[in-house]
Amino acid sequence: MKWKKYTITTTTAAEDLVSSMLDDLGIEGVEIEDKIPLTAEDTAKMFIDILPELPPDDGVSYMSFYLDADGDYAEKMAQVRASLAELRAFADVGSGEIAESETEDVDWINNWKEFFHAFTISAAADGAGTSSGQREIRIKPTWEEPEAADEDRILIEIDPGISFGTGKHETTQLCIRQLMRYVRQGDEVLDIGCGSGILSIVSLKLGAGHVVGTDIDEDCLVSTRANFEVNHLARELGDFYTGNLIDDTELQAQVGAERYDLVVANILADVIIPMAPVIPARLKKGGIFISSGIIDFKEREVVSAVEAAGMEVIEVTRQGEWVGITARR
């Protein structure tokens with residue numbers, strides 16, 4: 001579907017006024033682009049380690065809204081211009097210029113698929129402790145056909161859907177290699193931040209007997225269940241819950257205590273650090289904690305947090321600028 005896009009050049013100080021004015025005219029869903037720095041509260045909600053570097057705030061704001069391309073909006077836009085003129089009498093609305101362009105819907109969920117193709121992950125170079133006997137895992141999207149060579153690999157099919165977890169990122173590969181090293185037949189595995197379910201599926205394919213997964217996003221659980229079906233894994237092999245294990249006592253009770261042979265968390269350093277204290281209670285004595293999603297300059301902080309929680313760091317692995325930390329209770 002095509003849309004007419006109208007962009008008002010105004011000021012950051014006038015954003016609320018202009019947004020309210022548009023709402024009064026029946027125009028909803030305003031898109032705002034400015035250079036206002038993120039607040040500490042906003043940053044905490046983003047779950048990212050590296051913040052975008054924005055140019056200095058110049059006080060300019062671009063406020064866009066979209067209307068059906070087939071409509072005639074001459075009268076509506078005349079109202080917008082008149083209302084902007086009224087606002088100018090008591091507020092700095094900047095130039096108030098309105099640019100018009102045309103755009104159309106983009107199916108982001110499906111169009112990105114052209115960039116996701118099958119790939120292979122090999123076990124660590126020394127092969128030490130590779131429990132499954134398999135040296136390679138082949139991860140392929142559901143829309144590609146398997147290769148003949150896949151018969152000798154552990155084959156995993158993934159449709160990331162709305163959770164976008166393909167396994168191709170360095171942090172996921174760091175976790176997968178450690179799972180290849182440490183998962184044993186019949187293990188109970190906890191996957192924190194399960195996303196598309198790829199690490200849960202890898203664990204089961206390597207011989208784990210059962211997995212439990214958690215994620216703060218309900219959509220991830222939908223993707224995980226769908227990927228279980230694609231990989232012909234029975235529902236009873238995994239239990240999945242929504243919530244934040246750091247401070248959700250109800251979730252902690254659902255997940256259980258001293259139950260897991262292995263806990264894996266591919267999240268972010270700033271989430272792993274406050275989560276570290278609750279990990280030992282989930283593990284059996286001697287259980288393994290595999291973590292990644294750690295940018296290299298935060299390695300020391302995560303190691304310190306893991307050790308402070310009473311776990312022994314037994315291995316640090318690296319790929320690109322990312323770090324994986326494996327510890328034992």
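User: What makes S2 and S3 count as paired strands?

Analyst: In this predicted model, S2 and S3 share 3 bridges in the antiparallel sense. Pairing requires at least two bridges, so the 3 bridges between S2 and S3 meet the criterion. Within this pair, Ile-32 stands opposite Met-63 in S3.

User: What is the order of the strands in the open sheet with antiparallel pairing?

Analyst: The open sheet has 4 strands, in the order S2-S3-S1-S4. Strand S2 (31-33) and strand S4 (98-104) are its edge strands, for each of them pairs on one side only. On average, neighbouring strands of this sheet are turned by 25° against each other, direction ignored.

User: How do you know that strand S1 and strand S3 pair?

Analyst: Strand S1 (residues 2-11) and strand S3 (residues 60-68) are joined by 9 bridges in the antiparallel sense. The criterion is at least two, and 9 bridges therefore satisfy it. Thr-9 stands opposite Tyr-62 in S3, and Lys-4 has Leu-67 as its bridge partner in S3.

User: Which strands does helix H1 touch as it packs on the sheet?

Analyst: Helix H1 (residues 15-24) touches S1, S2 and S3, and its direction makes about 15° with that of S3. Helix H3 (residues 74-88) also packs on the sheet, where it touches S1, S3 and S4; its direction makes about 140° with that of S4.

User: Why is the pair of Tyr-6 and Phe-65 called what it is: stacked or edge-to-face?

Analyst: The ring centres of Tyr-6 and Phe-65 are 5.4 Å apart and the planes lie at 20°. Centres must lie within 6.5 Å, and planes under 30 degrees apart count as stacked; the pair is therefore stacked. Tyr-6 belongs to strand S1 and Phe-65 to strand S3, 59 residues apart, and the pair links these distant parts of the chain.

User: Why are Tyr-6 and Phe-65 classed as they are, buried or exposed?

Analyst: Tyr-6 has a relative accessible area of 4%, and Phe-65 has 0% relative accessibility. Buried means under 20%, so Tyr-6 and Phe-65 are buried.

User: What makes the geometry of Phe-228 and Phe-240 an aromatic pair, and of which kind?

Analyst: The distance is 5.4 Å centre to centre, with 85° between the planes. Since the limits are 6.5 Å for the centres and over 60 degrees for edge-to-face, Phe-228 and Phe-240 form an edge-to-face pair. Phe-228 lies in helix H7 (residues 218-230) and Phe-240 in strand S10 (residues 238-242), so the pair ties together parts that are 12 residues apart in sequence. Both Phe-228 and Phe-240 are buried.

User: How do you know that Arg-225 lies over the face of Phe-228?

Analyst: Arg-225 is placed at 5.8 Å from the ring centre of Phe-228. The distance limit is 6 Å, and 5.8 Å falls within it.

User: Why is Ser-200 classed as it is, buried or exposed?

Analyst: The relative accessible area of Ser-200 is 0%. With the threshold for buried at under 20%, Ser-200 is therefore buried. Ser-200 is placed in helix H6 and, not counting residues up to four places away in sequence, touches Asp-191, Val-211, Phe-228 and Phe-240.

User: Why is Gly-207 assigned as it is, buried or exposed?

Analyst: Gly-207 has 13% relative accessibility; this value is under 20%, so Gly-207 counts as buried. Gly-207 lies in the loop between H6 and strand S9 (210-215). Leaving aside neighbours within four places in sequence, Gly-207 is in contact with Arg-184, Gln-185, Gly-186 and Asp-187.

User: What makes S6 and S7 a pair, and in which sense?

Analyst: S6 and S7 have 5 bridges in the parallel sense, and at least two are needed; S6 and S7 are therefore paired. Ile-139 stands opposite Ile-156 in S7. H5 packs on the sheet by touching S5 and S6, and H6 does so by touching S6 and S7.

User: Which residues have the most contacts inside the largest nonpolar core?

Analyst: They are Ile-137, Ile-139, Leu-179 and Leu-262, in a core of 34 residues. Among the elements that each supply at least two residues of this core are strand S6 (136-141), helix H5 (170-182) and strand S11 (260-266). Not counting residues up to four places away in sequence, Leu-262 touches residues including Leu-179, Val-189, Leu-283 and Ile-290.

Conventions:
Residues are numbered from 1 along each chain as its sequence is written. This is a predicted model: local features need pLDDT of at least 70, side-chain atom pairs count only at pLDDT 80 or more; totals for chains, interfaces and linings use all residues. Side-chain values use heavy atoms; hydrogens and water are left out. Axes are lines fitted to C-alpha atoms, for helices over the stretch in contact, and angles run from 0 to 180 degrees between N-to-C directions. Contact means heavy atoms within 4.5 Å. Rings of Phe, Tyr and Trp (its six-membered ring) pair if their centres lie within 6.5 Å; planes under 30 degrees apart count as stacked, over 60 as edge-to-face and the rest as tilted. Buried means under 20% relative accessible area, exposed over 50%, partly exposed in between (1.4 Å probe, protein chains only). A charge sits over a ring if NZ of Lys or CZ of Arg is within 6 Å of the ring centre and within 35 degrees of the ring normal. A nonpolar core is a set of buried Ala, Val, Leu, Ile, Met, Phe, Trp, Tyr and Cys residues joined through side-chain atoms within 4.5 Å.
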